[in-house]
Amino acid sequence: MAVGAAIAAPHRPVIALQSDGSAAYTISALWTMAREQLDVTVVILNNHAYAILQLELLRVGTHAEGDRSRSLLDLSRPDIDFASIAQGFGVPATRVGTAEELAEQFRAALAKPGPHLIDAALPTWSPG
Ligand SMILES: Cc1ncc(C[n+]2csc(CCOP(=O)(O)OP(=O)(O)O)c2C)c(N)n1
Ligand SMILES: [Mg+2]
């Protein structure tokens, strides 16, 4: 969608807030962003999990408290390095671990035309 928005409105910056699990579904869009030099800033909200599916599992009333069921929806082993993936597709990228770093990198990305990706490491989501 970010690629489409950037092509439709070439003189407007596009910001794509994208979660980690579903980022993997259409990750090659990064290459299109690089090839077409689209002005898109992608922020990966990286919680190292298919968190919504963990929540849905709880809501259907299962007792999925074992390590094996927890690991089904866990994306932390191995940790996905979206900054390296983006760089491999030709998109400059950084990884941040604090809100301050995110603000700094976000400003820097918006200040430069062309695609950028920020991999924002969030605390790993767990049902608690
Ligand atoms: C193409 C496709 N495959 C699978 C799904 C099923 N699905 C819905 S949400 C989800 C996980 C989302 O995880 P993530 O993108 O990390 O978001 P989070 O809930 O962690 O913020 C999956 C696999 C889907 N919606 N579309
Ligand atoms: Mg996630």
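Which residue has a backbone N or O atom lying 2.7 Å from an oxygen atom of ligand 1? I looked this up first, and I found glycine 21.

**Entry on conventions.** I note that this is a predicted model, in which local features need pLDDT of at least 70, side-chain atom pairs count only at pLDDT 80 or more, and totals for chains, interfaces and linings use all residues. Residues are numbered from 1 along each chain as its sequence is written, chains are lettered from A and ligands numbered from 1 in the order in which they are written, and side-chain values use heavy atoms, with hydrogens and water left out.

**Entry on the chain.** I counted 7 helices and 4 strands in the protein chain (DSSP runs numbered from the N terminus: helices are H or I of at least four residues, strands are E of at least two). Read from the N terminus, their order is α-β-α-α-β-α-α-α-β-α-β. I recorded a C-alpha trace spanning about 50 × 30 × 25 Å along its principal axes. Of the 128 residues, 30% are buried (under 20% relative accessible area, with exposed over 50% and partly exposed in between, using a 1.4 Å probe and protein chains only).

**Entry on ligand 1.** I listed the residues around ligand 1 (a heavy atom within 4 Å of it): Ser19, Asp20, Gly21, Ser22, Tyr25, Asn47, Ala49, Tyr50, Ala51, Ile52 and Leu53. Helices α2 and α4 each supply at least two residues of this shell. Besides glycine 21, I checked alanine 49, where a backbone N or O atom lies 2.8 Å from an oxygen atom of ligand 1. For isoleucine 52, a backbone N or O atom also lies 2.8 Å from an oxygen atom of the ligand. On its own, ligand 1 has 590 Å² of accessible area, and the protein covers 57% of this (Shrake-Rupley method, 1.4 Å probe; for residues, only the protein chains shown count as cover).

**Entry on the magnesium ion.** Which protein donors does the magnesium ion (ligand 2) have? I found Asp20 (OD), Asn47 (OD1) and Ala49 (O), at 2.0 to 2.2 Å from the ion. Donors here are N, O and S atoms within 2.8 Å of the metal (3.2 Å for Na, K and Ca); water is not among the atoms, so sites may look incomplete. Along the chain I read the donor spacing as D-x26-N-x1-A. Aspartate 20 in helix α2 (residues 20–23) and alanine 49 in the loop between β2 (40–46) and α4 (51–59) link distant parts of the chain, 29 residues apart. I noted both aspartate 20 and alanine 49 as buried.

Definitions and conventions. Polar contact = N/O pair within 3.5 Å; in protein donor to acceptor, adjacent residues only side chain to side chain.
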